[in-house]
Amino acid sequence: MSSFERGSGDRPALSRCVGIDRAATFDRDYWAVRPLLSTAEELPAGFDDLFSAEAADDLISQRALRTPFMRMALEGSVLNASKYTAPGGFGAEIGDQVSSEKVLAEFAAGATIVLQGLHRTWPPLIEFTRALVDEIGHPVQVNAYITPASSRGFDPHYDVHDVFVLQIAGEKHWSIHEPVHPSPLRSQPWGDHRDAVAKRAEGEPYIDAVFRPGDALYLPRGWIHSAEALGGTSIHLTIGVAAYTRADVAEVILARLGETEALRTALPFGIDFTDVEQVLPIVQDVLSELQSTLSTPDDRATAVARAHDVSASLARKLSGAIRPEPVSPIATVDAIAALGGWSAVRWRGSLRATVTSDESSVRISTGGRTVVLPVEAADAVERLHQGDAVAVEELPGLDLDSALVVVRRLLREAIVVPA
């Protein structure tokens with residue numbers, strides 16, 4: 001059973017992070033609005049299949065991790081990497097490899113271990129993260145925070161991304177306060193409001209709770225939080241969601257301003273930018289032109305065209321920010337060599353693509369590349385794009401020889417994978 005299949009409904013990965021009875025209303029009542037604490041009793045299962053203390057030790061001691069896949073912090077300050085890295089010895093002399101001996105010394109002295117990018121380095125979380133991205137439609141990353149007893153990792157702060165916190169082991173006391181700068185953008189870190197954050201953290205918390213194994217928290221960006229381990233070692237996962245915003249939509253629309261001739265004209269020769277009276281009429285003219293250019297379209301065709309620009313741009317941005325299901329190069333080449341009509345293939349998991357056809361070809365666009373096939377393959381491509389496994393000989397619209405040629409090409413291009 002895949003890890004994310006422990007959940008229920010049509011959003012099994014999300015339902016592992018929020019109480020099952022509330023999952024149906026999560027997007028309406030909690031997403032980007034307010035925190036949600038779900039206890040282990042409200043969730044379908046624990047998180048031991050996703051991560052554990054043994055997994056952390058494995059990564060630190062056996063996997064030759066390098067910075068920035070790990071960092072350490074003590075009493076709110078990030079340690080210099082030299083405190084926990086060293087060359088790996090003969091044949092692996094690179095100096096920024098994690099040293100298990102140095103990590104032990106710092107951890108025993110009270111430093112928090114932060115394992116970063118686990119959606120790239122730990123297989124159960126690679127799979128789970130792909131499923132979660134498919135459900136929520138925004139990029140996701142995963143870090144683990146391993147805190148020794150009674151140690152505080154970071155000062156009260158807010159994140160510029162939404163997070164799901166999954167308590168793996170031990171207990172941790174969390175204090176959560178309402179934002180001083182709601183819905184911050186990535187360019188608006190908490191340090192810009194350091195004094196306001198510190199003052200808010202002294203007040204009555206919105207949530208004040210001890211998290212135990214199996215508990216989970218959803219925290220929108222901007223909400224102030226801090227945590228302290230209790231008793232033994234505490235481990236939790238932080239699943240960061242870099243949600244796209246209306247500001248991203250505005251950026252796409254504004255990028256089209258160069259198509260307006262009036263906005264491409266040069267500013268006056270010899271202009272003195274320190275003279276506000278010279279700049280003022282220019283600003284007024286530009287604002288007037290912007291109002292005209294960005295006004296609500298009167299006809300649906302123009303509105304749809306703008307929406308198409310936004311859709312295509314954000315789709316490309318998302319494709320560039322996430323990784324689809326990994327492919328197995330050796331197994332794929334072997335599958336190509338042995339391909340027959342009985343061979344089953346399927347669309348590569350989480351591979352976002354646009355499939356379009358004209359009178360001569362079918363085009364598969366994924367991120368920054370496009371695979372072009374003869375139009376006769378259109379029905380077969382559409383069938384594969386549905387996601388279910390299908391035998392080569394069952395692909396519609398192609399004879400067996402043609403189907404083999406098409407599938408070999410799609411396997412080589414990492415569009416489909418052996419089922």
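Begin by selecting strand β14 together with strand β15 (residues 369–374) in this predicted model, where the two strands pair in the antiparallel sense over six bridges. Within that pairing, pick out Ile-364, whose bridge partner in β15 is Val-371. Then move to the turn of this hairpin, which has two residues between the strands, and select Gly-367, which takes a positive phi near 65 degrees.

Next, keep β14 (residues 361–366) displayed and add strand β13 (residues 354–357), which pairs with β14 in the antiparallel sense over four bridges. These two strands also form a hairpin, here with three residues between them. To follow the pairing at residue level, select Ser-357, and its bridge partner in β14 will be found at Val-362.

Leave the strands now for the helices, and select helix α9 (residues 246–254) with helix α12 (residues 300–321), whose axes come within 9 Å and cross at roughly 115 degrees. The crossing in which α9 passes α12 is right-handed. Showing side chains here brings up Asp-248, Val-249, Val-252 and Ile-253 on the α9 side, which meet Asp-309, Val-310, Ser-313, Leu-314 and Lys-317 of α12. By residue class, this contact of α9 with α12 comprises five nonpolar, one polar and three charged residues.

For the last stop, select helix α11 (residues 276–293) and find Val-286 within it. Is Val-286 buried, partly exposed or exposed? With a relative accessible area of 33%, Val-286 counts as partly exposed, because that class lies between the 20% and 50% limits. Finally, add Leu-263, which is 23 residues from Val-286 in sequence, and display the C-alpha to C-alpha distance of 7.1 Å between the two.

Technical notes:
Residues numbered from 1 in each chain as written. Predicted model: local features only at pLDDT ≥ 70, side-chain atom pairs only at ≥ 80, totals over all residues. Heavy atoms only, no water. Pairing = 2+ DSSP bridges. Buried < 20%, exposed > 50% of the residue type's maximum accessible area, 1.4 Å probe, protein only. Axes fitted to C-alpha atoms, helices over the stretch in contact; angles between N-to-C directions. Left-handed = near helix turned anticlockwise from the far one by under 90°. Contact = heavy atoms within 4.5 Å. Nonpolar A, V, L, I, M, F, W, Y, C, P; charged D, E, K, R; others polar.
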